Amino acid sequence: MKIDCNLIFKWGVALVGIATLAGCAAPQNSLTAAGATFPYPVYSQWFDAYHTKTSTTINYQPMGSGAGVQQIKSRTMDFGASDTPVDDAQLKTMPKKLLQIPTVAGAVVIAYNLPGLKTPLKLDGPALADIYLGKITKWNDAKISALNPGVVLPKIGIVVGHRSDGSGTSYIFTSYLSDVSPEWDKKVGTGKSVSWPVGIGGKGNSGVAGVIKQSPGALGYIELAYAAQNKFQYAALLNAAGNFVLPSVEATTAAAAGSTEKLKKDIRASIVNAAGEQSYPIASFTYLLVYEDTGNVTKANEIKVFLRWAITDGQKMAKPLNYAPLPESVVRLDEKLIKRIH
Amino acid sequence: MPRPYECVKVLLHLFMNSQNQQHNTIPTERLKQSRFGNLGDSIFYSSTLIFATSVLVATLLIGFQLIKTSWPAIQHFGWRFLFTSTWDPVHQIYGAWPYIWGTLASSLLALILAVPVAIGTAIFLVELSPKWLRGVLSFMVELLAAVPSVVYGLWGIFVLIPVLQKIQGGIALSKLSVLPIFAGAPTGYSMMAGALVLSIMILPIITAVTRDVIANVPATQREAAFGLGSTHWEAVKGPILRSARSGIMGAVILGLARALGETMAITMVIGNGKDASLSLLAPANTLASILANQFAEASGLQLPSLMYIALVLFGVAIIVNAIARLLLWNMSRGMKHA
C-alpha cells in the first residue's frame, strides 16, 4: 500500500494546532488540586459555587490523601488535600514550607447491628479499645452492660468490622483508640492501615457498612456523612467531659472548638477526645495543603481569595452534606495562615 | 473388555502421527525460501516477530520494574518476607506468608470446586445435550464470563454471605467445629466465601475452552469408539477425554491464572484477615487484595513491601504456570509412549 505522507503531515499539523488553541482557550484563572476523597462531596460543591461566583475554575481530582501529598510534593498541583496532617518527617522532604489549612471537620461513627435494641448503645473509649483488641467478644460483656444500665444486651458474639484499605478514617479512629487505651497504643498504634488484632476488613466505607448490615451482632466504624446517608444505628460515646454524646455535625464542631488551645500551638493537633461538654470524641479536620511561597503572585492571590471564601461563605454548604463547619476560633487561625501565602 | 479400548488407542495414534507428519514436511521448506525472498513476506515475518518478542520484553520489564521498586524491602526483609506473618504498617514490619497462603489456598479450592462442574458441563454440551439446549446453555456460560468482577463481589456480599452465615452457624454448633478446617466464628466473610465466588468466576473460561477442545476431537475417533461397541460413557472417558486432556489442562491453567490474579470480588468477600488459617470459616487475604487495599495510601517501607508482594504474585504465577506446563509435558509424553 502506498502511504500518503503528505496527508499524515497535514493531519499532524492540524492536530497540533487544535491542541495549542485548546491550551490558549483555557481560562487563565484556573487552579488544580488533588487529594482526599473524604471531603470530595463538599469540595466539589465549593468549586462549583466558587466558579459561578468568580469564574475561577478549580479542577480537583479525588485520588486519595496519599496522592494529594505526593502531588503537592512534586508541585504538579496548586494545592493538595489530605485527611491526615503531614508529619514532620514528610514535611522535611517538601521543597518549600508547606501550610496545612483545616477546611471542614468530620466525625467517625460507631455503627452496629443489634435489631432488638431500641435506645442508642452507650460506649466509652476503653470498652471500644477492648472490643477491637479482641478482649471483649460478647455483647453481654460486663463492661458493656455497666455502660448501659437497664438495657438487655444479647448473648451473641461481636463481629468486629474495620477498613481493609488504607484510609484517613482508620487513622482518626486508631488515633482515638491510642489516646484512650495505652494497651492499644503499645500493641497496635495509629495509622491509615494497622495490624488489626481481630475482625473482618471491608474495602471503603461501603465495605465496612456491608459487614455491619449483613451480620447481626456486628460493630464497625464509618464516616458520619456516610452513616447519616445510610441510616445506621450508632452509639453514643463518652467524651472527655464525662457526657455520652451522639455523633452529629454540631458535636463535631464543638470538638474542634474545644481543641482551640492545642490548635493555636500546632494547627495539626489532633481533636480526638476534645474538651467541651458537647464534644463528640472521634473527630478530625481535613486539610488543604499549599506552599507558603507559591512562586507566583497572581496564583498566590487566587489561592488566598478562594481559601478565604471557603472558610467563611463556603462553610454554610458543609452541614447539609453532613460535614462539620469550622468553629469561629479555627476560622481565625486559618485566616492567619492564609495571610502568609505569597 | 480392554480390547476395543486398545484398538481405539491404536487408531488414535495412527491418526496423530499421520497428522504430525503432514504438519512437518510441507510448509517449512516453503517458508524458508520465502522468508528472505519476498519483501512483503520479510516485512510480515519481522513485524510478527516484533509482536511476539514484545510480549517477552513486556514481561521482562515488569519483572525488572518490580525488583527495582521493591528493592528496599528485599534488602530489609530478604527471604524472611515470604515466611513471616506480621503485616504492621505502624511498626513497619512486613511479611507476606498469610497472603501467599490465602492466594494459593483460595485458588486451589476454587479449582477443586470448578473443574468437575466445568468438565461435566462441557461434556454435556458437546456430547449429550439436545441441539436446542446447547445454544442456550453455551450462551449462559459465556454470559457468566461477561459479568464484571465487582458484580460477583456484590452478589457475594448480599446473597452468598447471608446463606454462608447460616451454614457456618450450623457447622459451628455441630460436632464438625472441632476440626481445624471449621474452627472460628461463623461470620460469612471467609476463605469459603472467597473460594466459592472465585470458582464461579473461573467456571466459564474453563467450560468454554474445554467445550471447544472436546468438540475438536476428530469425529473419526468418536465413530471408531462407537463402531467398536463403546457406550457413550465409554467413548467419553476413553478416547475423547484422552485426546482432549492436554487441552483441558490448558483450560484449567487459564482458570487458575484468573483465580490467582482476581482482586475485586475476592477482597469484597474474603474478610481481609491477617492470619494464615487452615479454617474455611476464618477471614483470609490474598496477594492481589492487599495490594489493591493498601497501595493508594502506602507510605515509608510499606510501598516497597507492597511492590515485593507484587513481585511474589508475579513469581507465584510463573511457578504455577511452570508446574502446569510440566504436568502437561509429562502427560503428552506419557501418551506417546503408551
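## A tour of helices α7 and α8 in chain B

In this predicted model, start by selecting residues 191-215 of chain B, which form helix α7. Place a distance between its end C-alpha atoms: they are 35 Å apart, and this agrees with the 36 Å that 25 residues should span at 1.5 Å a residue, the expected span being 1.5 Å times one less than the number of residues.

Next, pick Ile202(B). Here α7(B) bends by about 35 degrees. Extend the selection to Pro204(B), a proline that follows within four residues of the bend. Then show the surroundings of the helix: α7(B) is mostly covered, with 22 of its 25 residues buried.

Move on to residues 219-227 of chain B, helix α8. Which residues of α8 are buried? Select Gln221(B), Ala224(B) and Ala225(B). Looking down the axis of α8(B), you will find these buried residues within an arc of 95 degrees, so they line one face of the helix. An α-helix has 3.6 residues a turn, so residues three or four places apart point the same way. Now turn to the other side of α8(B), where Ala219(B) and Glu223(B) are exposed. Just after this helix, select Gly229(B) and check its backbone: phi is positive, at about 95 degrees.

Finally, switch to chain A and zoom out. The C-alpha trace of chain A spans about 85 × 60 × 35 Å along its principal axes. Colouring by secondary structure brings up 14 helices and twelve strands in chain A. Of the 342 residues in chain A, 49% are buried. A contact map of chain A is the last stop: among contacts between residues at least 6 apart in sequence, 72% join residues at least 24 apart.

Notes. Residues numbered from 1 in each chain as written. Chains lettered and ligands numbered in written order. Predicted model: local features only at pLDDT ≥ 70, side-chain atom pairs only at ≥ 80, totals over all residues. Helix = DSSP H or I, 4+ residues; strand = E, 2+ residues; numbered from the N terminus. Buried ≥ 20, exposed ≤ 12 C-beta atoms within 10 Å, placed from the backbone. Contact = placed C-beta atoms within 7 Å. Arc of directions from axis to C-beta. Bend = angle between axes of the 7 residues up to and from the residue.
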